[in-house]
Amino acid sequence: MFKTYVPENHDAKWVLIDAEGKTLGRLATQVASILRGKNKPTFTPNELCGDFVVVINAGKVNLTGAKLDKKVYTRYTGYQGGLKTETARVALAKHPERVIEHAVFGMLPKGRLGRRIHTRLKVYAGAEHPHAAQQPEKLEIK
């Protein structure tokens with residue numbers, strides 16, 4: 001009788017990605033794949049088997065075409081008439097971390113597993129990050 005192999009996530013690494021000059025969508029797909037663990041041979045869709053990802057220089061990410069002015073982020077305050085909108089240009093200027101987080105979170109599964117994966121993404125606007133103790137390995141995104 002065969003037993004089902006269930007991998008344990010004791011081998012979660014820390015990965016450092018520099019977003020400077022990278023296209024937002026292409027960067028987000030790579031980050032989402034690493035967070036889910038799809039780059040590993042032990043990938044299991046219903047398990048938390050991905051790595052931790054630290055993204056630096058989020059403010060220097062590129063958007064192609066006219067997306068800086070035409071891409072709109074909306075949120076609702078909860079009050080009547082409280083629908084707030086801002087363009088990608090304004091969002092990158094005010095809080096560049098949220099732009100990358102928004103792109104990556106949309107590519108992750110919805111539900112309990114997706115919310116646990118969300119906590120493994122750390123995004124910083126500048127080149128500094130407080131995760132040096134974890135010794136993240138630098139990964140070059142094409």
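These are my notebook entries on a predicted model of one protein chain.

**Overall layout**

I began with the secondary structure and counted five helices and six strands in the chain. Read from the N terminus, the elements follow the order β-α-β-α-β-β-α-α-α-β-β. I then looked up the extent of the C-alpha trace, which spans about 60 × 35 × 30 Å along its principal axes. Of the 142 residues in the chain, 37% are buried. The accessible surface comes to about 9,200 Å², and carbon and sulfur atoms account for 52% of that area. Among contacts with a separation of 6 or more, 68% join residues that lie 24 or more positions apart. For the charges, I noted 24 positive and 13 negative ones, with mean positions that are 8 Å apart.

**The nonpolar cores**

Next I asked which residues touch the most other members of the largest nonpolar core. They are Val31, Ile100 and Val104, in a core that holds 29 residues. The elements that supply two or more residues to this core are strand E1 (14-18), helix H1 (24-36), strand E2 (52-56), helix H3 (88-94), helix H4 (96-105) and strand E5 (121-123). H1 gives the largest share, with seven residues. In soluble globular proteins, nonpolar side chains tend to be buried together.

I followed Ile100 further and, leaving out residues up to four places away in sequence, found that Ile100 touches Ala19, Leu24, Leu27, Val55, Ala58 and Val123. There is also a second, separate core of five residues, and its members include Trp14, Leu16, Phe52 and Val54.

**Helix H4**

Ile100 led me to H4, where I looked up the buried residues and found Pro96, Val99, Ile100, Ala103 and Val104. Seen down the helix axis, the buried residues of H4 fall within an arc of 125°, so they line one face of the helix. An α-helix has 3.6 residues a turn, so residues three or four places apart point the same way. I then checked what the buried residues of H4 pack against, and the partners are H1, E2, strand E3 (72-76), H3 and E5.

After H4 I turned to Gly106, which is found in the loop between H4 and H5. Gly106 counts as exposed, at 52% relative accessibility, where exposed means over 50%. Gly106 and Ala28 are 78 residues apart in sequence, yet their C-alpha atoms are 9.3 Å apart in space.

**Two positive phi angles**

Most residues other than glycine have a negative phi, and I therefore looked up residues that depart from this. Asn57 has a phi near 60°, a positive value in a residue other than glycine. Asn57 sits in the loop between E2 and helix H2 (67-70), and is buried, with a relative accessible area of 6%.

Gln135 likewise has a positive phi, near 50°. The place of Gln135 is in the loop between E5 and strand E6 (137-138). Is Gln135 buried or exposed? At 67% relative accessibility, Gln135 counts as exposed.

**Helix H5 and its contacts**

In helix H5 (residues 112-118) I looked at His118, which is partly exposed, with a relative accessible area of 24%. Leaving aside neighbours within four places in sequence, His118 is in contact with Phe105 and Leu108. The C-alpha atoms of His118 and Arg36 are separated by 9.8 Å, although these residues are 82 residues apart along the chain.

Leu113 also has its place in helix H5, and is partly exposed, with a relative accessible area of 22%. Which residues does Leu113 touch, not counting those up to four places away in sequence? I found Pro45, Asn46, Glu47 and Leu48. I also looked up the separation of Leu113 and Leu83, which are 30 residues apart in sequence and 29 Å apart in space, C-alpha to C-alpha.

**A residue in helix H3**

My last entry concerns Val90, whose place is in helix H3. At 36% relative accessibility, Val90 counts as partly exposed. Val90 and Leu68 are 22 residues apart in sequence, and their C-alpha atoms are 8.4 Å apart in space.

Technical notes. Residues are numbered from 1 along each chain as its sequence is written. This is a predicted model: local features need pLDDT of at least 70, side-chain atom pairs count only at pLDDT 80 or more; totals for chains, interfaces and linings use all residues. Side-chain values use heavy atoms; hydrogens and water are left out. A nonpolar core is a set of buried Ala, Val, Leu, Ile, Met, Phe, Trp, Tyr and Cys residues joined through side-chain atoms within 4.5 Å. Buried means under 20% relative accessible area, exposed over 50%, partly exposed in between (1.4 Å probe, protein chains only). Helices (H or I, at least four residues) and strands (E, at least two) are DSSP runs, numbered from the N terminus. Contact means heavy atoms within 4.5 Å. Accessible areas come from the Shrake-Rupley method with a 1.4 Å probe; for residues, only the protein chains shown count as cover. Lys and Arg count as positive and Asp and Glu as negative; His and the chain ends are not counted. The place of a charge is taken as NZ of Lys, CZ of Arg, CG of Asp or CD of Glu. The arc is that of the directions from the helix axis to the C-beta atoms.
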